[in-house]
Amino acid sequence: GSSAYHLLAVRADGTVVSWGWNQYGQLGDGTTTSRSVPVRVLGLPSGQTVSALAAGEKSSYAVTSSGTVLAWGFNPNGQLGTGNTNNSSTPVQVSVLTGVTAVAAGQYHALALKNDGTVWAWGSNGDGRLGNNTFTNSSVPVQVVGPYGGYLTGITQEAIDAKGLDFEPAGDALASALTAAQLVVCRPADRATVPAVQPAAAALWPVAAAARPAPPPAAWPPE
């Protein structure tokens with residue numbers, strides 16, 4: 001996993017290393033010291049390995065072999081999913097979630113795919129990016145609703161592997177996931193608070209990105 005400012009990697013033994021900018025503890029080594037060489041992420045659960053990683057702009061996420069999600073780093077919008085807004089320089093468990101198979105990180109929010117095909121989101125909800133029909137931030141995961149009512153379901157691991165439950169590199173929450181029959185696209189550009197639907201035959205990368213202005217050059221370090 002990587003953001004514009006830090007990177008994460010899983011070693012062959014299932015442990016995690018990180019390097020880069022660390023002002024908010026996003027490297028997970030118990031400090032806020034930036035690193036030019038990889039350091040080990042501390043505090044991972046004993047007896048478990050990490051199966052997936054994601055890096056937000058100032059936060060980090062890991063899926064464990066038991067199906068839970070760990071998070072660390074910056075947390076003013078609740079993007080660590082712990083029910084509070086406290087930063088953490090070591091991994092903490094995201095509330096509520098079990099059976100998770102994939103995780104994705106936006107700039108200030110995150111998404112998780114569960115093994116039952118549902119999608120959950122937490123953190124900043126500007127422009128409705130949590131997909132729960134509100135614009136209210138959430139410090140615990142909330143279930144993404146469906147475009148026709150009820151909850152979004154039928155998202156497959158194969159689709160995620162092939163296309164990615166992911167965001168644009170700038171991290172401002174354009175998420176997509178392919179179901180058997182349709183492409184589901186969360187589009188904050190038009191302030192939709194529930195996923196829109198495009199035909200499966202359409203381009204399999206999120207729409208509306210080209211209509212948005214390019215982000216300004218990032219300062220170093222970012223604010």
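Rings of Phe, Tyr and Trp, the last taken by its six-membered ring, count as a pair here when their centres lie within 6.5 Å. With that cut-off in hand, and remembering that this is a predicted model, select Tyr-5, Trp-21, Tyr-24, Phe-74 and Tyr-108, which ring pairs link into a cluster.

**The whole chain**

Before zooming in, display the full chain as a cartoon: 1 helix and 14 strands can be traced in it. Of its 223 residues, 51% are buried, and the accessible surface comes to about 9,600 Å², with 53% of that area belonging to carbon and sulfur atoms. Among contacts between residues at least 6 apart in sequence, 44% join residues at least 24 apart.

**The aromatic cluster**

Return now to the rings, for which a search of the whole structure finds 5 aromatic pairs. Start with Tyr-24 and Phe-74, whose ring centres lie 4.1 Å apart with 45° between the planes, a tilted arrangement. This pair links distant parts of the chain, since Tyr-24 belongs to the loop between β2 (16-20) and β3 (35-40) while Phe-74 belongs to the loop between β6 (69-73) and β7 (88-93), 50 residues apart. Both Tyr-24 and Phe-74 are buried.

Keep Phe-74 selected and add Tyr-108: the centres of these two rings are 6.3 Å apart and their planes stand at 55°, so this pair is tilted. Here too distant parts of the chain are linked, with Phe-74 in the loop between β6 and β7 and Tyr-108 in the loop between β8 (100-105) and β9 (109-114), 34 residues apart. Tyr-108, like Phe-74, is buried.

**The three-stranded sheet**

Next select β1, β2 and β3, which form an open sheet in the order β1-β2-β3 with antiparallel pairing. β1 (6-10) and β3 stand at its edges with a single partner strand each, so one side of each is left without a neighbour in the sheet. Neighbouring strands of this sheet are turned by 15° against each other on average, direction ignored. Looking along the antiparallel pair of β2 and β3, one finds 3 bridges joining them, and Ser-18 stands opposite Val-39 in β3.

**The four-stranded sheet**

Move on to a second selection, the open sheet of 4 strands with the order β4-β5-β6-β7, where the pairing is again antiparallel. Its edge strands are β4 (50-55) and β7, each of which pairs on one side only, and neighbouring strands here are turned by 20° against each other on average, direction ignored. Between β4 and the antiparallel strand β5 (residues 59-64) there are 5 bridges; to see residues facing across strands, show Ala-55, which stands opposite Ser-60 in β5.

**The nonpolar cores**

Finally, turn to the interior and select Tyr-61, Val-69, Leu-97, Val-103 and Trp-122, which touch the most other members among the 16 residues of the largest nonpolar core. At least two residues of this core are supplied by each of β4, β5, β6, β8, β9 and β10 (119-123), and the largest share, 3 residues, comes from β8. Centre the view on Leu-97 and display its surroundings: leaving aside residues up to four places away in sequence, Leu-97 touches Gly-67, Thr-68, Val-69, Ala-112, Lys-114, Trp-120, Trp-122 and Pro-141. A second, separate core has 10 residues, including Ala-121, Leu-130, Val-142 and Ile-155, and selecting those four completes the tour.

Technical notes:
Residues are numbered from 1 along each chain as its sequence is written. This is a predicted model: local features need pLDDT of at least 70, side-chain atom pairs count only at pLDDT 80 or more; totals for chains, interfaces and linings use all residues. Side-chain values use heavy atoms; hydrogens and water are left out. Rings of Phe, Tyr and Trp (its six-membered ring) pair if their centres lie within 6.5 Å; planes under 30 degrees apart count as stacked, over 60 as edge-to-face and the rest as tilted. Buried means under 20% relative accessible area, exposed over 50%, partly exposed in between (1.4 Å probe, protein chains only). Two strands pair if DSSP finds at least two bridges between them. Axes are lines fitted to C-alpha atoms, for helices over the stretch in contact, and angles run from 0 to 180 degrees between N-to-C directions. A nonpolar core is a set of buried Ala, Val, Leu, Ile, Met, Phe, Trp, Tyr and Cys residues joined through side-chain atoms within 4.5 Å. Contact means heavy atoms within 4.5 Å. Accessible areas come from the Shrake-Rupley method with a 1.4 Å probe; for residues, only the protein chains shown count as cover.
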